[in-house]
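Trainee: Please take a close look at the salt bridges in this structure, and at the strands around them. I would like one connected account.

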Amino acid sequence: MDRCVKTFTTAGRHGYAVEISPYFPSRLACASSQYYGIAGCGTLLILEQNEAGIHLFRSFDWNDSLFDVTWSESNEHVIVTGGGDGSLQIWDTANPVGPLQVLKEHAQEVYSVDWSQTRGEELVVSGSWDHTAKVWDPAINRSICTFQGHEGVIYSTVWSPHVPGCFASASGDNTLRIWDMKTGSATLVIPAHCAEILTCDWCKYDQNIVVTGAVDCNLRVWDLRNIQEPVADLKGHSYAIRRVKFSPFQRSVLASCSYDFTVRFWDFSKTEVLLGIVDHHTEFVCGLDFSLHIPNQVADCAWDETVKIYTPSTLVNHL
């Protein structure tokens, strides 16, 4: 199912998130934690891949768990993580010391961080277990806006790749919310599942399409112009869906990873929506990303202490 699998062992660290650099095709970052993120410290792993495999470029330790990671869109060396102590850490991968900045305002764990995708914006959005999302300007040492309204833990916050100042959030209150920085409030509240929603992502080709993944094992694709029912309901996972990502190369293709130890690939425009299943992990799969540089290359990470990079044959055959 998956071609040329490269594996890196994150000894003593359980992977929570992985993101491939938007600048360097060979570089990726993994946010990881000791003891499944329940206790102990965290480590940001900067990894390099080549034909021989994956090797460690640099690592940074933090005194609490690390749950998410996002690369800067303006500086190839800068990266942001979210931690169990309620802080965001800004790191310079070219500088082998501690973080450049620590942004501490959230009252509980920061479970999601994302750097803005639209031109002219240099903003980071964070989502926390304190039920709030915050937008930060990394140039100043504080948040510039706090978004309140969710009635549960925020698990996922993702900027729109199309609309400036707009982001989506997914929460334990079973809702997907779309927020607008201009108004400081939610423009849409969608009761997207009858269960906690752990993840969401925007289509890269349509500003109105968002996907959600939840504890009910389902993925739902939403058109924000008509939220009465989903465009597609993708069933197949047997445990909670931890992360979902749209393909950067195909409008209707997406990937999801789950506590059922699998990564699944889907095309919601097809009659047979499931393209394939990758089952090379032996624990919860928490991190997932598509390469922006190499079509159909995928990275994932799991609680089995591995990061894997591969090209699923199901995507190659689908082109």
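**Salt bridges and the sheet beside them**

Mentor: Arg-264 and Asp-260 are both buried. This is a predicted model, and in it the two side chains form a salt bridge with an N to O distance of 3.7 Å. The cut-off for such a pair is 4 Å between the side-chain nitrogen and the carboxyl oxygen, and by this rule the structure has 11 salt bridges.

A second pair to examine is Asp-206 with Arg-251, where the closest N and O atoms are 3.1 Å apart. Asp-206 sits in the loop that runs between strand E18 (197-202) and strand E19 (209-214), while Arg-251 sits in the loop between strand E22 (241-246) and strand E23 (253-258), so this salt bridge ties together parts that are 45 residues apart in sequence. The two partners differ in burial class: Asp-206 has a relative accessible area of 15% and is buried, whereas Arg-251, at 37%, is partly exposed.

The salt bridge between Arg-225 and Asp-223 has an N to O distance of 2.8 Å. Here Asp-223 is the buried partner, with a relative accessible area of 15%. Arg-225 has a relative accessibility of 59% and counts as exposed, because the class begins over 50%. In the pair of Arg-264 and Asp-260, by contrast, both residues are buried.

Salt bridges also join residues into a network, made up of Arg-220, Asp-233 and Lys-235.

Now to the strands. The loop that holds Arg-251 lies between E22 and E23, and these strands belong to an open sheet of four, ordered E22-E23-E24-E25, with antiparallel pairing. At the edges stand E22 and strand E25 (274-278); each has a single partner strand, so one side of each has no neighbour in the sheet. From one strand to the next, the twist averages 20°.

Within that sheet, E22 and E23 are paired over five bridges, in the antiparallel sense. Val-244 has Ser-256 in E23 as its bridge partner.

Put together, Arg-251 can be followed in both directions. Its loop is flanked by E22 and E23, two strands that pair with each other, and its side chain forms a salt bridge with Asp-206, a residue of the loop between E18 and E19.

Technical notes
Residues are numbered from 1 along each chain as its sequence is written. This is a predicted model: local features need pLDDT of at least 70, side-chain atom pairs count only at pLDDT 80 or more; totals for chains, interfaces and linings use all residues. Side-chain values use heavy atoms; hydrogens and water are left out. Buried means under 20% relative accessible area, exposed over 50%, partly exposed in between (1.4 Å probe, protein chains only). Two strands pair if DSSP finds at least two bridges between them. Axes are lines fitted to C-alpha atoms, for helices over the stretch in contact, and angles run from 0 to 180 degrees between N-to-C directions.
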